Amino acid sequence: MVEGARPRPMAGREQPTRAEALRQPRLHVATHPLIAVQLTLLRATETAPSRFRELLGELTTLVGYEALAGLALAERPIVTPLEPMIGVKVAQPIAIVPIMRAGLAMVEPLLRLLPEARVWHLGLYRDEETLRPVPYYNRAMRSGQAAHCIVVDPMLATGGSAVSAVDLVKEVGAERITYIGIVAAPYGVAQLTEAHPDVEIYVAALDRELNEQGYICPGLGDAGDRVFHTGE
Ligand code: PRP
Ligand code: URA
């Protein structure tokens with residue numbers, strides 16, 4: 001590489017349009033007006049890291065609420081102060097799988113909805129020249145412990161990180177996999193659905209495209225840097 005030149009790993013790669021990505025039956029893009037309002041604040045450059053974390057947490061709760069609407073339930077008999085009744089409980093053991101770093105900010109809001117879930121941390125970063133995910137941390141995934149895995153990461157860009165995460169949770173026997181993100185690009189949706197057509201994808205927004213460096217446009221920039229106040 002010429003010194004000072006920025007790598008252009010997306011140059012020449014064909015990208016699907018939004019309309020093409022929206023044809024994927026397992027892609028669910030939020031339509032709730034409050035999600036659109038919160039996401040606008042999240043994207044804005046002037047939003048400081050502390051507010052960015054709060055907004056990301058609130059958006060995770062809102063998108064998560066929709067993503068968990070089809071949660072498998074089992075009967076749970078209880079007694080109210082007036083009489084016995086058959087209530088419900090979450091039927092399957094669940095693991096939340098945050099892709100570090102930015103996915104970490106999505107864990108607490110989901111644990112509030114699913115207090116008994118396990119958390120399996122997964123460290124992946126994108127090589128900026130190839131955009132391929134580089135694994136650096138994989139903690140506590142155990143075969144048979146979670147029938148339903150929820151992979152969380154705010155950004156679905158090329159889809160490389162999400163595909164690797166899903167590969168790993170399938171290796172440990174997940175029967176059902178949900179991906180919860182905030183902003184997706186059509187390219188990442190196509191890559192994830194091609195590699196793993198069984199994964200349900202829930203996001204707050206589907207943006208236009210990736211730029212030549214693999215950033216989502218209009219997007220929100222580098223999510224990890226904005227959560228943890230690193231970078232420029
Ligand atoms: C970002 C983001 C995703 C990944 C998405 O992480 O949080 O994990 O990029 O890109 P992809 O769909 O092209 O794989 P990054 O690699 O920048 O690591 P960081 O969170 O540690 O900054
Ligand atoms: N990762 C990010 O944090 N932002 C993007 O736009 C793409 C990948």
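Here are a few exercises on the two ligand sites and the aromatic pair of this predicted model, each with a worked solution.

**Exercise 1. Work out which residues and elements surround ligand 1, and where the ligand sits.**

Start with the shell. There are 16 residues around ligand 1, and those that come nearest are R101, R126, D153, T158 and S161.

Next, sort the shell by class: you get seven nonpolar residues, five polar ones and four charged ones.

Then map the shell onto secondary structure. At least two shell residues come from each of β4 (94-100), β6 (122-126), β9 (155-156) and α5 (160-171).

Finally, look at the space itself: ligand 1 takes up the largest pocket.

**Exercise 2. Find polar contacts of ligand 1, then say how much of the ligand the protein covers.**

Take the side chain of S161 to begin with: one of its N or O atoms is 2.6 Å from an oxygen atom of ligand 1.

Now turn to the backbone. G159 places an N or O atom 2.8 Å from a ligand 1 oxygen. A polar backbone atom of A102 is 3.5 Å from an oxygen atom of ligand 1, and the cut-off for a polar contact is within 3.5 Å.

As for cover, ligand 1 on its own has 500 Å² of accessible area, and the protein covers 91% of it.

**Exercise 3. Do the same for ligand 2: list its neighbours, its contacts and its burial.**

Neighbours first. Around ligand 2 you'll find R126, M155, A157, G214, Y215, I216, G221, D222 and A223. Split by class, that's five nonpolar, two polar and two charged residues.

Contacts next, and here you can stick to backbone atoms. I216 has a backbone N or O atom 2.8 Å from an oxygen atom of ligand 2. A polar backbone atom of A223 also lies 2.8 Å from a ligand 2 oxygen. With G221, a polar backbone atom is 2.7 Å from a nitrogen atom of the ligand.

Now the burial: ligand 2 exposes 240 Å² when taken alone, and the protein buries 89% of that.

**Exercise 4. Track down the aromatic pair, classify its geometry and say what it links.**

Searching the whole structure turns up one aromatic pair.

Check the geometry: the ring centres of Y125 and Y136 are 6.0 Å apart and the planes meet at 40°, so this pair counts as tilted.

Last, place both residues. Y125 belongs to strand β6 and Y136 to strand β7 (residues 133-138), so the pair ties together parts that are 11 residues apart in sequence.

Definitions and conventions: Residues numbered from 1 in each chain as written. Chains lettered and ligands numbered in written order. Predicted model: local features only at pLDDT ≥ 70, side-chain atom pairs only at ≥ 80, totals over all residues. Heavy atoms only, no water. Near = heavy atom within 4 Å. Polar contact = N/O pair within 3.5 Å; in protein donor to acceptor, adjacent residues only side chain to side chain. Areas by Shrake-Rupley, 256 points an atom, 1.4 Å probe, with all protein chains shown as cover. 1 Å grid on protein atoms, 1.4 Å probe; cavity = no way out; pocket = protein on both sides within 12 Å on 5 of 7 lines; lining within 4 Å. Sits in = over half its atoms within 2 Å of the grid points. Helix = DSSP H or I, 4+ residues; strand = E, 2+ residues; numbered from the N terminus. Nonpolar A, V, L, I, M, F, W, Y, C, P; charged D, E, K, R; others polar. Phe/Tyr/Trp six-rings, centres within 6.5 Å; stacked < 30°, edge-to-face > 60°.
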